[in-house]
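Visitor: I am new to this structure and should like to be guided through it. May I see it before I put my questions?

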Amino acid sequence: ASFTISLRKVDNTTVMIKVKPGVSPSCWILIKNGIRSELKIKPGENVTFTFTCSTPEKHFITEIQKNIDCVSGPCPFGDVHLYPPGLPRLNRTYIWDMKASTKAGLELKFSTPGLRQIEPGETCPDSISYNINSCIDKATVNIGTFCRNGSVSRVKLLGGVVMSLHLPWHSPLTTSGFNIANRASIKRLCIIESILKGESSITLMSPNYPLGFPEDELMTWQFVIPSNMRASVFFHNYSLSNCERKEERVEYYIPGSPSNPEVFKLSDSQPANIAGSFNLSLQGCDQDAQNPGILRLLFQVIVQHPQVDENVTHLVDLSKERNMTVTIHFDGWPSHVPLMSEPMCLICKDPRTCDRVLTLVSGAVYRISFLCKDLSQLRITAEKGISCMDIRWCQRKIYSLSVPKAITQLPIRLYKFIWKLLATDLINVEITSPSLKLQQHVPEQRCNTSYSYSIVSATPETELNVGVFCPGGSIEKIQMRNNITISLKAFGKGFINESVRQDLKMSFVPHIKDECTFTVSPNPKSKVYLQTPNWPYGLPPYVSISWFIVVPSKQTARLGFSKDRMGIACETGRAYINIKEETPGAEETVRREDELLPQPRNMYHNFWVNISNCKPVDNTQLTLQFWVTFADKQIDLGIILAVVAGAGVLTAIGLTVCCVKKKKKKTQNPMVGVYNANVNTQMPGKKSLFRKGRHNNESHVYAVIDDAVVYGHLLKESNGSVTPEVDVYRPFDGPIGSLPPSPPPFSFRKDIKRSSNTEKEPPPLMDTDQDTYTFAHQKSGPSEDNGDADEKDKGDTSVPLLENKEQDGLVE
């Protein structure tokens with residue numbers, strides 16, 4: 001096809017057809033004088049040309065530049081047209097270079113609907129974009145890049161303007177979409193007007209974003225909002241420059257406000273719930289010449305209908321709480337962020353201070369309200385810290401781990417309440433649930449309550465996920481070492497009613513031997529399942545866990561394991577299971593990781609189950625589950641018969657002795673004093689509990705004699721101070737009581753001998769549930785009597801008011 005472009009001289013327009021960037025020339029422009037790769041048509045020229053290929057849009061672009069002089073001559077107010085007509089179908093860029101005096105700025109008005117500002121690098125859906133630059137003397141400031149279909153209706157600029165419109169080759173657009181509306185003096189860089197109708201959202205950026213707002217400049221955004229709507233401002237991204245004089249700030253002019261302009265720092269919470277139209281200004285400062293820094297701002301304005309219950313306030317009294325924070329947020333926070341276009345659910349701590357996320361701190365009283373159509377999308381997450389650095393101040397105190405009424409009375413669902421319990425190395429934590437008890441959440445016995453507790457024990461080296469528990473079980477007490485995090489997670493609306501019965505208590509206790517000890521008092525008619533912590537990832541190396549099972553006096557417990565073997569291979573040390581009843585002379589059942597686990601057995605007294613881990617080989621993990629059931633004690637008929645028979649034998653013996661004595665009495669000789677050397681002349685002492693001594697019972701007889709027992713004395717030095725490095729289990733010989741059976745010493749769990757310079761091997765880090773919270777030890781220091789850690793809330797400093805400046809309106 002042949003194209004003819006005729007440019008009038010008075011239009012001051014130039015057309016350039018150039019090779020598309022990044023494309024090597026393979027198509028040419030054919031004119032009367034020959035073939036060219038580029039073509040420039042100046043004002044007053046008439047050129048006819050054609051292309052040597054059928055798809056020139058793949059090879060060429062067009063730039064049309066028009067110079068408009070609003071300084072020396074009349075300014076052409078009105079619509080700006082796309083000139084000249086008849087251009088080839090190529091990607092086109094129209095550039096209008098409008099010269100104007102700094103004393104008479106230009107105002108550009110955009111067709112309805114207006115423009116929408118986008119971030120650098122973002123593209124418009126229809127590939128049609130506008131770029132606005134302000135030219136003051138020789139400096140150029142990029143006001144922004146915009147797409148069609150937005151709320152920006154007018155832009156007023158100081159000095160000259162360079163306006164660009166980018167059209168794709170297939171665009172049918174025939175109008176520029178803007179006009180030169182006015183010429184008026186302003187004393188700031190620019191004014192951007194945005195008209196928001198109905199519920200809507202707009203995102204705007206400071207000029208030159210993200211490179212930096214010009215030094216010591218002032219600009220204004222004007223928001224036109226229906227009087228029956230409410231607007232809220234949110235700063236999403238900003239940075240500050242290094243000021244030598246003045247201070248960077250934002251100012252609001254809100255009709256009806258008693259303190260216009262209202263001055264805020266960029267770090268402050270910005271005004272919300274603004275009724276009707278308002279102005280927002282950004283003021284820069286004099287920057288440090290050596291290190292100027294960058295002032296930039298990206299913010300959002302949300303417009304919503306006023307809520308019916310916006311004047312309803314809820315009292316949140318945290319004045320008696322210590323070291324606690326309460327965060328009200330939307331569902332999915334912080335990983336999920338609602339789209340900008342969605343109607344916002346705002347939480348307000350006063351009528352003008354609202355946000356999507358609001359954090360309240362202990363020691364204060366709040367009156368909050370909600371600008372939200374549906375409160376069901378809001379959640380509460382709270383956190384409380386309890387610490388103990390000196391057991392003398394903490395040991396006798398009992399802390400209630402219950403959700404305060406200040407939280408449960410709010411019309412918002414509790415998502416999570418976290419207690420962080422911090423103590424020094426020699427102080428441990430004891431958790432009790434006296435009335436409800438706790439049930440461990442296991443596959444065979446799942447929790448179906450409205451809330452549950454996740455318990456995690458943590459040190460800088462190791463984290464142990466103790467498990468998930470809910471009320472209504474058989475676990476009376478859990479004792480744990482290290483710092484503890486307890487997370488209450490609520491499910492559904494039933495928590496409000498069930499939370500009234502919460503009875504979880506906590507206290508600090510002296511150091512315990514095992515990593516964790518459970519006291520279990522099951523219901524005699526129930527079957528209880530218990531499993532090792534850190535399920536399903538396995539116990540950390542060298543960790544020992546104990547369970548103390550209470551057996552009612554008239555009951556018999558039956559203990560069984562869910563699998564036949566531990567299922568691990570040890571790289572260093574040995575893994576053991578110890579089972580022992582709490583009764584004098586009770587046998588201790590011990591199994592190693594390479595042995596079969598005990599078969600189900602009856603236990604007639606309270607008993608201990610202890611599981612001690614080694615360092616497993618490769619990725620094998622120690623995970624064990626066992627169960628306990630109860631039955632009434634049965635009296636064996638054989639025992640009854642044996643007792644009756646024994647009684648008969650004793651009766652017969654008694655009768656025989658009686659008869660013999662009577663017979664001897666009749667033939668008794670006179671007493672004669674004769675010395676008998678075989679008679680024991682010592683005073684009779686207290687009879688022992690066991691009448692048979694060691695020399696005439698079988699307590700010293702071994703069923704299996706270990707080599708270390710036979711030859712162990714040869715491994716000791718002359719002073720007997722060295723423990724033999726042999727893999728031998730030492731049976732439990734300590735006192736019977738509240739302590740669990742002792743696992744084998746660490747040195748006996750090693751498979752290899754250690755030299756005198758052997759370093760201690762730290763336990764490895766363990767993967768844990770992502771839904772838990774961990775923390776490191778705090779340094780010891782002074783604390784209050786109740787052991788809680790104090791926390792102070794520092795307020796922002798005041799900001800000086802802006803110097804009196806002219807409020808610039810837009811003049812039609």
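The questions and answers that follow concern a sheet, a surface patch and disulfides.

Visitor: What kind of model is this, and how are residues numbered?
Guide: This is a predicted model, in which local features need pLDDT of at least 70 and side-chain atom pairs count only at pLDDT 80 or more, while totals for chains, interfaces and linings use all residues. Side-chain values use heavy atoms, with hydrogens and water left out, and residues are numbered along each chain as its sequence is written, from 1.

Visitor: In what order do the four strands of the open sheet lie?
Guide: Strands here are DSSP runs of E with at least two residues, numbered from the N terminus, and two strands pair if DSSP finds at least two bridges between them. The pairing in this open sheet is antiparallel, and the order is E1-E6-E3-E4.

Visitor: Which are the edge strands?
Guide: An edge strand of this sheet pairs on one side only. That applies to strand E1 (2-6) and strand E4 (34-36).

Visitor: What is the bridge partner of Ile-29 in E4?
Guide: Strand E3 covers residues 29-31 and runs antiparallel to E4, with three bridges joining the two. In E4, Ile-29 is partnered by Arg-36.

Visitor: Is Trp-28 buried, partly exposed or exposed?
Guide: Trp-28 is found in the loop between strand E2 (13-19) and E3. Buried means under 20% relative accessible area, exposed over 50%, and partly exposed in between (1.4 Å probe, protein chains only). Because its relative accessibility is 36%, Trp-28 counts as partly exposed.

Visitor: How many disulfides does a search of the whole structure find?
Guide: A disulfide is a covalent bond between the sulfur atoms of two cysteines. Here the criterion is a pair of cysteine sulfur atoms within 2.5 Å. The search of the whole structure gives nine.

Visitor: Why is the disulfide of Cys-388 and Cys-394 right-handed or left-handed?
Guide: The S to S distance between Cys-388 and Cys-394 is 2.1 Å. Cys-388 counts as buried because its relative accessibility is 0%, and Cys-394 because its value is 1%. The torsion about their S-S bond is about 105°, so this disulfide is right-handed.

Visitor: How many residues apart in sequence are the parts tied together by Cys-570 and Cys-614?
Guide: Cys-570 and Cys-614 are joined by a disulfide with S to S 2.0 Å, and both are buried. Cys-570 lies in strand E48 (residues 570-572) and Cys-614 in the loop between strand E52 (607-612) and strand E53 (615-616), so the parts tied together are apart in sequence by 44 residues.
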